[in-house]
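Please open the model in your viewer and keep the sequence beside it, since this tour moves from one selection to the next.

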2 protein chains.
Amino acid sequence: MSAAATGATTGPETAPETAPLLLGELHASLADPLLDAMTFLNEVTERYPDALSFAPGRPHEGFFEPESVHEYLDAYLAHLADRGLSRSAVRSALFQYGPTKGIIADLVARTLANDEGLDVAPESLVLTVGAQEGMLLVLRALCATPEDVLLVSSPCYVGVTGAARLLDLATVPVPEGPGGGPDPQAVHEAARAVRASGRRPRALYVVPDFANPSGTSMPVEARAGLLAAAAEEGLLVIEDNPYGFFARGPGARPTLKALDRRRQVVYLGSFAKTCFPGARLGYVVADQEVVTPAGRTSLLADELAKLKSMTTVNTPALSQAVIGGLLLRHDCRLRAANAPASAYYAANLAALLRELERQFPAAERARLGLSWTEPEGGFFVVLDVPFTADQAAMERCARDHGVLWTPMAAFYPAGGGERRLRLSISALSEQQIEAGVARLADFVRESAG
Amino acid sequence: MSAAATGATTGPETAPETAPLLLGELHASLADPLLDAMTFLNEVTERYPDALSFAPGRPHEGFFEPESVHEYLDAYLAHLADRGLSRSAVRSALFQYGPTKGIIADLVARTLANDEGLDVAPESLVLTVGAQEGMLLVLRALCATPEDVLLVSSPCYVGVTGAARLLDLATVPVPEGPGGGPDPQAVHEAARAVRASGRRPRALYVVPDFANPSGTSMPVEARAGLLAAAAEEGLLVIEDNPYGFFARGPGARPTLKALDRRRQVVYLGSFAKTCFPGARLGYVVADQEVVTPAGRTSLLADELAKLKSMTTVNTPALSQAVIGGLLLRHDCRLRAANAPASAYYAANLAALLRELERQFPAAERARLGLSWTEPEGGFFVVLDVPFTADQAAMERCARDHGVLWTPMAAFYPAGGGERRLRLSISALSEQQIEAGVARLADFVRESAG
């Protein structure tokens with residue numbers, strides 16, 4: 001009903017608009033240069049639609065079929081009926097508000113047991129709207145005062161620094177060591193420096209497997225060392241593991257959570273890369289004990305669920321039902337279900353490294369001052385280049401050479417990475433990777449020249 | 001893979017757990033008594049499963065059929081194909097990461113035009129994970145400093161005060177007038193008091209139609225007055241409208257957004273009550289102009305989308321596709337599609353008011369000191385009772401009389417409402433309402449004793 005139709009108006013049609021909002025008066029997270037960097041990347045991608053893009057970290061979509069959504073949904077609903085739920089109860093589970101912690105914790109726990117050897121009680125799980133919501137909830141729970149600080153491995157995934165900025169939380173970067181993940185010594189130093197400044201380090205965020213953006217993966221011994229260092233400093237470890245399945249080499253390393261004997265690890269999981277992003281389904285494993293002032297104990301997962309009632313209330317039952325059905329269809333074994341995807345990414349990563357080597361043999365690399373990481377899996381390779389790999393360089397590369405990548409500087413919260421760029425292999429075919437590296441090589445030679 | 005299987009351990013199996021987390025060291029929003037109130041209500045509901053419950057505000061589920069999800073999903077995918085999208089592009093839309101603002105803004109805009117006479121450009125819309133995420137984003141954008149304050153009509157929906165607490169934002173209650181919604185004078189007074197305390201009132205949250213919890217609805221003239229008062233005080237108005245469809249009387253009043261000539265209203269929409277909660281789909285209409293320090297202009301909707309990249313990244317494409325298909329199946333006219341639901345709720349509300357009247361004729365009401373609201377629609381009636389309607393009373397009522405309701409005190413951020421209780425008619429049948437009121441009447445007489 002329009003105002004005119006009801007005869008109600010607040011004044012002449014020419015009534016002035018309310019004064020425009022000033023961006024400087026909105027929350028500071030909106031002034032983050034990272035947001036401009038993302039916008040710029042999107043704009044360049046749109047301006048050069050024919051460019052081969054090593055930029056996006058999204059999964060390959062050749063394994064998705066729309067028809068499968070029907071199959072998964074039906075599989076989940078049949079599973080509920082098999083468990084004895086009445087038609088009316090099945091209907092409520094799918095359509096109504098549900099438990100804040102989610103409805104498929106049992107299936108996720110079985111999958112974690114099968115795929116990661118993790119023995120997780122379903123009540124320690126909170127299903128979230130992507131791992132991003134999980135990060136937000138964990139940071140909010142742990143960082144209670146302006147003195148509380150989050151340590152982040154650096155270079156760092158932008159999702160966690162973004163969530164911290166939204167909550168006005170301070171982050172302190174801890175540099176990744178050459179093997180991936182922060183060295184224990186770096187953790188000690190960062191925690192002590194934070195304490196010396198009168199603040200309190202609360203947790204350390206780390207992606208031990210094929211990290212975004214560095215692509216590196218922590219050796220097993222380094223994992224034990226990191227846990228010990230964090231325990232000594234009284235830090236919870238927030239382990240984020242979206243890429244762990246996609247190893248190129250002899251197989252997976254144990255997650256930090258699998259090595260955790262002290263309940264010191266909060267584990268963030270995601271189905272975006274192992275199922276599909278359009279469900280936006282993630283989860284948190286938070287089996288830590290919380291003690292109230294009255295001495296009552298609860299689980300951190302239950303406290304996170306309370307916070308979730310203030311962010312999104314529920315994770316969509318639709319998404320949980322479809323992913324639940326997918327898990328059931330694969331006997332709660334996503335590692336096996338993802339074997340074709342793993343092989344695809346491994347072949348792409350091998351192709352990228354092979355083509356880089358072919359374009360830049362050791363002698364030429366040395367002459368140019370060029371090097372790159374050789375990750376054992378995942379989506380990302382980082383190039384160290386002998387020139388500034390900034391937005392202007394990226395756009396020049398798109399315009400003159402038809403290839404896109406991501407400047408690394410945006411991933412360093414405290415500066416750095418100006419001569420580094422990230423290449424992702426997930427959204428291209430092997431043939432596109434070959435063509436893309438040839439184009440990229442021309443750009444690198446031109447820019448180094 | 002278990003740690004034992006890889007031979008990796010961090011110490012003996014008896015290694016001590018990390019010290020338990022102390023709730024007092026977690027974020028203060030977790031210590032909110034409201035959370036205990038919700039937990040208590042859930043516990044009592046579980047302990048008395050046979051009680052008739054006037055507590056939940058969830059929609060009636062008799063109109064839901066699981067099969068319809070398939071139909072709606074297919075309708076949306078066919079719509080994309082009809083618009084010329086290739087099979088591959090349809091697949092990406094459903095399965096991949098998508099635009100942060102969402103993928104069905106065009107359909108939502110058409111629905112708002114048909115149902116509310118709102119002329120909204122699709123680019124002013126952000127699809128969100130329920131209206132709850134919309135609240136969080138709007139509060140985060142607007143409240144930038146510790147001096148920024150949100151005014152909330154009181155009694156107030158707990159979702160918005162919860163979102164404010166999560167963000168450490170101060171809220172100041174503005175009492176609802178007798179007709180529903182705050183009087184202009186109360187808005188002026190609250191805004192001036194906030195300014196006098198050295199803080200800055202930024203926005204006013206209000207539910208003009210069939211508010212939760214009060215059930216009241218603002219007259220048309222009061223709406224114009226509220227907008228004028230807010231404009232004078234430089235406040236944006238955050239209008240939340242989950243119940244507007246469900247009028248008992250002669251039809252809908254114009255939304256504040258329909259009356260908005262100054263772009264001073266940010267509108268929060270929800271499909272939880274008009275479609276179903278399990279999709280967790282809501283949206284924000286934010287057509288305000290934002291000006292950067294460099295003089296560049298953007299839309300508030302685009303700024304909210306940037307914040308959304310830090311909360312959930314995307315609203316699930318699955319949910320958007322299913323609700324999009326539902327909108328298409330109903331020609332983007334949810335008011336017509338909801339006519340049976342509206343009639344159902346209207347009959348239930350009439351039954352509740354009729355049975356209250358039958359149990360407590362005017363003379364007895366006066367004698368007992370009992371009264372109730374007579375809302376023109378929506379889900380909620382509030383009873384003023386001659387005794388304290390707290391958790392203990394609620395449990396006594398469940399145990400001895402087999403009926404549940406919600407204490408109102410939790411809805412008053414600054415205290416109040418101790419002798420008020422909320423009855424919801426949405427989740428009961430007319431027969432259950434009749435039986436429930438009879439039981440409730442026994443409890444009221446006993447407690448008034």
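Begin by selecting Tyr345(B), which counts as buried in this predicted model, because its relative accessibility is 2% and the cut-off for buried is under 20%. Add Tyr344(B), which is partly exposed, with a relative accessible area of 21%.

Next, select Phe95(A) together with Phe276(B), one of the 32 aromatic pairs that the structure holds over all chains. The two rings are edge-to-face, 4.7 Å centre to centre and with 85 degrees between the planes. This pair crosses between chains, running from helix H4 (residues 87-95) of chain A to the loop between strand E8 (265-270) and strand E9 (281-285) of chain B. Phe95(A) is buried, with a relative accessible area of 1%, and Phe276(B) is buried as well, at 2%. Returning to Tyr344(B) and Tyr345(B), you will find their ring centres 5.9 Å apart and their planes at 80 degrees, so this pair is also edge-to-face.

In chain A, select the cluster that ring pairs link together, whose members include Phe63(A), Tyr243(A), Phe245(A) and Phe380(A).

Keep Phe245(A) selected and turn to the largest cavity, which holds about 160 Å³ of space. Among the residues closest to the centre of this cavity are Phe245(A), Glu116(A) and Tyr283(A). Helix H5(A) gives the most to the lining, with five residues, and the lining as a whole divides into nine nonpolar, six polar and two charged residues.

Finally, move to the second largest cavity, with a volume of about 140 Å³, where Glu116(B), Phe245(B) and Tyr267(B) are among the residues closest to the centre. Here H5(B) gives the most to the lining, with four residues.

Note on methods:
Residues are numbered from 1 along each chain as its sequence is written. Chains are lettered from A and ligands numbered from 1 in the order in which they are written. This is a predicted model: local features need pLDDT of at least 70, side-chain atom pairs count only at pLDDT 80 or more; totals for chains, interfaces and linings use all residues. Side-chain values use heavy atoms; hydrogens and water are left out. Rings of Phe, Tyr and Trp (its six-membered ring) pair if their centres lie within 6.5 Å; planes under 30 degrees apart count as stacked, over 60 as edge-to-face and the rest as tilted. Helices (H or I, at least four residues) and strands (E, at least two) are DSSP runs, numbered from the N terminus. Buried means under 20% relative accessible area, exposed over 50%, partly exposed in between (1.4 Å probe, protein chains only). On a 1 Å grid over the protein atoms alone, a cavity is a set of points where a 1.4 Å probe fits but cannot get out, and a pocket is an open set with protein on both sides within 12 Å along at least five of seven lines; lining residues have an atom within 4 Å of a point. Grid points are joined across faces, edges and corners, and a volume is the space filled by probe spheres set on the points. Ala, Val, Leu, Ile, Met, Phe, Trp, Tyr, Cys and Pro count as nonpolar, Asp, Glu, Lys and Arg as charged, and the others, Gly among them, as polar.
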